[in-house]
Amino acid sequence: MSEMMRSRARRAHPFPLVAAATGGRPERRPVWFMRQAGRSLPEYRAIRADHGMLESCFDPELVCEITMQPVRRHDVDAAILFSDIVVPLKAAGIDLDIVAGTGPVIADPVRTAGDVANLPRLDDHSVGAIAHAIGLLLDELPDQTALIGFAGAPFTLASYLIEGGPSRHYERTKALMYGDPDTWHALMGRLADITITFLRVQLEAGVDAVQLFDSWAGMLSLADYQTFVAPHSARVFAEIADHDVPRIHFGVGTGELLGAMADAGADVIGVDWRVPLHEAVRRVGPGKAVQGNLDPTLLFAGPEVVEREVRRVVADGDRAVRAGATGHIMNLGHGVLPGTDPDVLTRAVELIHSL
Ligand code: CP3
């Protein structure tokens, strides 16, 4: 089947996730989980025993298989492409690795105007394996299951490049931001270019929605977010707006930023567990959907607590819709933790679909 026919065949079915994101009436309440593909699943760990993380991210068959694993197991309404936010940086030629238990580690951190000028650019061909994987997935996914593509937002990518790896306080990132705003904006501009290219490749390959992960933006005040970050994230959303698919914007600890993140141009705002969904709608404003926001640590608290909290978040999602949200997509407030019992997720999906 040609690329065009395939996406048309898929779009003929209304995805519950897309309906909820765009003010339609989904056939069932859509649910998926950030980090659903990965270390909570024994079948994932079995594959990774023989394949490195980055090696897996650039192997279309492995990407397809790992992306499918949580769909088969949990009957979620969306697959999220198995990849990582540093994949486009690696593809562009930046020397980095993803270290188990640590996260991305950058060989030569970016800290000066010269470092920024020397950053490589991303061309479409170097992420061809990801486009290929998306093609395989569109053939394999059930008709009702949306495929979500994603990228890291410029700020979260910048924090890894500047710190050289994960950080607690982001002191070097903030030092560059406050101390040398010209270099900061030049870096953010280059990272926005990479993010736009990576998202456009995924959109052209046929993903049904995209999520921009600005996971660590919650480290910033609203004023600093608006000055140093929002213009670059807004450019990312603007430059993919010609594709008619829902755009989701997510970060952790972003209660103070929800309005500004909505203004950046997303259709759906991801909310962590700190802010109730109906309150998030007040901050976001009407006309957008909300996604979230079960605390991922609750999944360790036993079946009664999980059931009670799932019911509470579902009711809160309904309240968010009454308060002006165009829909609610059920999710966690951040990613599935590695030690999570996958059966707890499967049962949560069953319950959500039954309510
Ligand atoms: O299921 C999915 O959500 C798709 C896969 C996915 C991964 N990374 C795979 C992965 C997604 C969406 C990401 C995004 C990502 N990567 C983010 C944004 C989401 C978030 O959690 O806020 C961030 C900040 C990263 C950077 C990163 N990569 C971190 C912090 C880590 C974890 C470090 C660790 O090992 O605890 C990674 C590694 C990573 N990315 C793993 C997976 C499955 C674990 C690597 C492994 O299996 O060895």
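**Exercise 1. Locate the ligand in this predicted model and describe the shell of residues around it.**

*Solution.* Begin with the pocket: the space that the ligand takes up is the largest pocket. Next, turn to the secondary structure, where helix H3 (42-48) and strand S3 (103-106) are the elements that give two or more residues to the shell around the ligand. Then consider the residues themselves: 26 lie around the ligand, and Arg35, Tyr44, Arg48, Ser215 and His334 come nearest. Finally, sort the shell by class, which gives 15 nonpolar, seven polar and four charged residues.

**Exercise 2. Examine the contacts that oxygen atoms of the ligand make with Ala37, Arg39 and Tyr44, and state how much of the ligand's accessible area the protein covers.**

*Solution.* A polar contact requires a pair of N or O atoms within 3.5 Å, and each pair can be checked against that cut-off in turn. For Tyr44, an N or O atom of the side chain is 2.6 Å from an oxygen atom of the ligand. For Ala37, the partner is a polar backbone atom, at 2.8 Å from a ligand oxygen. For Arg39, a polar side-chain atom is placed 3.0 Å from an oxygen of the ligand. As a last step, take the area: on its own the ligand has 870 Å² of accessible area, and the protein covers 91% of it.

**Exercise 3. Compare the UniProt "binding site" annotation with the lining of the largest pocket.**

*Solution.* The unreviewed UniProt entry places this feature at Arg35, Gln36, Ala37, Gly38, Arg39, Asp84, Tyr160, Ser215 and His334. Of these residues, Arg35, Ala37, Gly38, Arg39, Asp84, Tyr160, Ser215 and His334 are included in the pocket lining. Gly38 belongs to the loop between helix H2 (16-21) and H3, and Arg35 is also found in the loop between H2 and H3. The backbone of Arg35 deserves a separate step, since this residue has a positive phi of about 60° although it is not a glycine.

**Exercise 4. Describe the two spans that UniProt annotates as "domain: Uroporphyrinogen decarboxylase (URO-D)".**

*Solution.* According to the unreviewed entry, the feature is placed at residues 30-39 and 148-164. Residues 30-39 are 0% helix and 0% strand, with end C-alpha atoms 23 Å apart. Residues 148-164, by contrast, are 59% helix and 29% strand, and their end C-alpha atoms lie 28 Å apart.

**Exercise 5. Which geometry does the peptide bond from Gly292 to Asn293 adopt, cis or trans?**

*Solution.* Omega for this bond is near -5°, and the bond from Gly292 to Asn293 is cis. To place it in the fold, note that Asn293 lies in strand S8, which spans residues 289-294.

Note on methods. Residues are numbered from 1 along each chain as its sequence is written. This is a predicted model: local features need pLDDT of at least 70, side-chain atom pairs count only at pLDDT 80 or more; totals for chains, interfaces and linings use all residues. Side-chain values use heavy atoms; hydrogens and water are left out. A residue is near a molecule or strand if one of its heavy atoms lies within 4 Å of it. A polar contact is a pair of N or O atoms within 3.5 Å; within protein, one must be able to donate a hydrogen and the other to accept it, and residues adjacent in sequence count only if both atoms are side-chain atoms. Accessible areas come from the Shrake-Rupley method with a 1.4 Å probe; for residues, only the protein chains shown count as cover. On a 1 Å grid over the protein atoms alone, a cavity is a set of points where a 1.4 Å probe fits but cannot get out, and a pocket is an open set with protein on both sides within 12 Å along at least five of seven lines; lining residues have an atom within 4 Å of a point. A molecule sits in a cavity or pocket if more than half of its atoms lie within 2 Å of its grid points. Helices (H or I, at least four residues) and strands (E, at least two) are DSSP runs, numbered from the N terminus. Ala, Val, Leu, Ile, Met, Phe, Trp, Tyr, Cys and Pro count as nonpolar, Asp, Glu, Lys and Arg as charged, and the others, Gly among them, as polar. UniProt positions are given in the numbering used here, feature names are shortened, and annotations may be inferred rather than shown by experiment.
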